[in-house]
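Biologist: I would like to walk through this model with you, one label at a time. Could you tell me what stands behind each term?

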Amino acid sequence: MCGIIGVACGRGAFSKPLGSIIKEALKQLEYRGYDSVGYAVIGESLILRKAAGKLDDVAGKLNFEGVDGFVGMGHTRWATHGSPNDINAHPHSDCTGRIVVAHNGIVQNYLELKEWLIKKGHIFRSETDTEVIPHLIEELKSRGMTTLDALRRTVKTLRGTFAILVLDLDEPNKIFFARYVSPLIIGVGEGVNFIASDIPAFLKHTNRVLVLKDGELGYVSQKTVYVEHVERGVVDVSRRIRIIDWTPSMAMKGGYPHFMLKEIHEQPMALRTTINGFDESLDKAAEMIMEANNVFIAACGTSYHAALVGEYALAKLAGRLAHPFIASEYTKYLNAIDENDLLIAVSQSGETIDTLMAVRKFKGRGARVIAVSNVVDSAIPRDSDLPIYTKAGPEIGVAATKTFTTQVAVLLELSYRLGLKTGRLTKSEYLDLHRELTMVPKVVSSVIRRYEGHCKELGRRLKPITSMYYLSRGVGVPVAMEGALKLKEISYIHAEAYPAGESKHGPIALIERGFPTMFLAFRDEYMEAILGNVMEMKARGAYTIGLVPEDSSKLIEKLDYPLKMPYLTPYAASIVYVVPLQLIAYYASVERGLDPDKPRNLAKTVTVE
Ligand code: F6R
């Protein structure tokens with residue numbers, strides 16, 4: 001986590017001071033962490049300023065607007081080592097204050113390095129793991145190395161994950177960098193180069209990007225990009241520069257009060273673009289599934305819920321069993337994996353460390369890997385045998401919304417195609433399901449139009465509650481899990497999802513008068529059973545809300561607050577039903593006076609294990 005940005009621009013490249021450019025870039029990276037902010041700029045001298053707090057709160061204190069120079073870097077932090085205070089904020093400097101470092105990742109062996117450096121006389125100021133990096137470079141330079149040599153040696157010494165930016169007053173026109181696991185992308189501009197954790201940081205200035213690979217290091221200056229591999233020497237990157245088709249406005253709020261609301265509303269477009277972009281990679285993926293002995297699906301958080309929908313559709317429609325698992329638990333399967341097995345890794349960012357580790361370990365056992373991701377060339381698709389991309393556009397709100405629904409769309413179409421290939425679906429059944437999927441963007445639009453007001457009202461009603469259940473059956477269970485996660489993470493209301501049948505095995509003990517319970521009923525074999533579960537909850541005083549098919553009059557009659565959903569198969573419904581749940585969570589958060597884009601303790605991309 002953490003967001004880093006470096007800008008090498010020379011003098012006069014921008015109409016505003018470099019500090020302002022860095023501040024704007026950090027604004028686009030704040031979703032990666034917002035515990036503290038800092039920057040360092042080299043102009044007449046090296047200026048380093050940092051403070052705990054969110055960018056908007058500390059920008060004045062740090063005087064971004066008043067600082068100019070020809071190279072600079074900024075950092076927005078998600079604290080790992082050391083509490084989020086001013087001293088632990090990045091950048092960190094060496095003893096002399098001439099070398100400064102911003103870092104995203106974790107230096108696992110920092111304690112032993114710190115001890116060694118202290119013995120050599122280095123003075124540490126912070127509790128962070130990062131601070132060993134400038135001191136190591138300082139130490140190595142004192143033995144006659146250049147900054148680049150010292151950085152290379154440092155990279156070889158560090159264990160863990162890192163994206164590092166270094167400014168050194170001895171080479172004041174360059175921003176040195178190194179990448180291992182944590183993302184780092186160069187933005188190649190005209191007379192100005194950028195280097196950042198994510199593309200939106202510099203998209204306003206250039207759409208020419210170079211995604212760095214693990215083990216690469218080098219420097220950017222105003223006109224130069226130099227890259228080498230830590231073991232293999234100089235790398236020719238000229239053919240790796242790509243043009244990104246995201247526009248800057250895609251990464252801005254566009255009149256919405258929050259990114260999350262904008263991204264909920266963007267779902268029809270995101271789904272349409274993803275569905276229109278389906279290509280032969282889905283057929284290849286279906287073939288890989290057919291050839292595999294065992295199929296696993298690894299993901300975290302929201303992506304795991306999409307994986308569960310995928311598992312359901314693969315089993316029901318293609319007769320193919322897949323084992324979904326939370327990526328950080330990957331070790332439990334490792335001994336059982338060999339080259340006949342297949343892993344499907346689902347990760348919107350493509351950088352989540354737990355999912356990346358699962359991919360690497362499965363690959364290490366010889367398994368093949370399919371990645372479903374929203375970020376082209378990110379680590380997980382890059383490490384996979386077959387990347388499949390959702391086309392949701394940049395997602396800035398910390399809570400995943402449009403990336404979830406587009407992931408589900410991909411996994412559904414994959415299951416449909418596999419069903420056709422395995423003969424579980426006839427051609428006409430396949431075509432019906434596919435056609436329905438292409439209608440989903442429109443249905444999502446109409447559900448938003450029809451129910452946003454109701455969701456706002458529900459958000460208001462939920463404001464004072466402390467706990468809530470989400471119950472469903474079948475493919476509705478992962479959708480209920482996603483609804484509960486959304487509510488929990490942005491409104492801080494405790495929310496749990498269960499298969500409705502399981503509620504009687506413990507959870508029902510919490511039900512008392514007014515306890516809110518959300519039911520999701522789909523047009524499937526579980527409708528009668530869900531009605532029974534609604535009655536059980538009502539009998540104990542629960543306040544029952546439900547998303548139910550519009551013709552399920554018995555359910556509609558019994559629920560305290562029914563929202564009638566359009567006529568759909570449970571598969572398409574798994575996309576459509578989640579949208580009101582996102583809106584309810586959003587409005588509950590706003591009602592509680594919270595910032596849904598920046599939930600406490602969370603970061604958009606989790607790059608630490
Ligand atoms: C929840 C959320 C997280 C992510 C999880 C995985 O709203 O966003 O639970 O889904 O951290 O992230 P990716 O999909 O980037 O691997």
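Modeller: Happily! Let me begin with residue classes: Ala, Val, Leu, Ile, Met, Phe, Trp, Tyr, Cys and Pro count as nonpolar, Asp, Glu, Lys and Arg as charged, and the others, Gly among them, as polar. On that scheme, the shell around the ligand holds 5 nonpolar, 7 polar and 2 charged residues. Please keep in mind that this is a predicted model, where local features need pLDDT of at least 70, side-chain atom pairs count only at pLDDT 80 or more, and totals for chains, interfaces and linings use all residues. Residues are numbered from 1 along each chain as its sequence is written, and side-chain values use heavy atoms, with hydrogens and water left out.

Biologist: What makes a residue part of the group that surrounds the ligand?

Modeller: One of its heavy atoms must lie within 4 Å of the ligand. 14 residues surround the ligand, and the closest are Ser 303, Ser 347, Ser 349, Thr 352 and Glu 489.

Biologist: How do you know that Ser 347 has a polar contact with the ligand?

Modeller: The term asks for a pair of N or O atoms within 3.5 Å; within protein, one must be able to donate a hydrogen and the other to accept it, and residues adjacent in sequence count only if both atoms are side-chain atoms. An N or O atom in the side chain of Ser 347 is 2.6 Å from a ligand oxygen, so the pair meets the cut-off. A polar side-chain atom of Lys 486 lies 2.9 Å from an oxygen atom of the ligand, and a polar backbone atom of Ala 400 is also 2.9 Å from a ligand oxygen.

Biologist: Why do you say that the ligand lies between two domains?

Modeller: Because domain 2 (253-425) and domain 3 (444-595) both give residues to its shell. The bounds come from an automatic or database domain assignment.

Biologist: Why is the pair of Phe 325 and Tyr 333 called edge-to-face?

Modeller: Rings of Phe, Tyr and Trp (its six-membered ring) pair if their centres lie within 6.5 Å; planes under 30 degrees apart are stacked, over 60 edge-to-face and the rest tilted. The centres of Phe 325 and Tyr 333 are 5.1 Å apart and their planes stand at 65 degrees, so the pair is edge-to-face.

Biologist: Are those two residues buried or exposed?

Modeller: Buried means under 20% relative accessible area, exposed over 50%, and partly exposed in between (1.4 Å probe, protein chains only). Phe 325, at 1%, is therefore buried, whereas Tyr 333, at 21%, is partly exposed.
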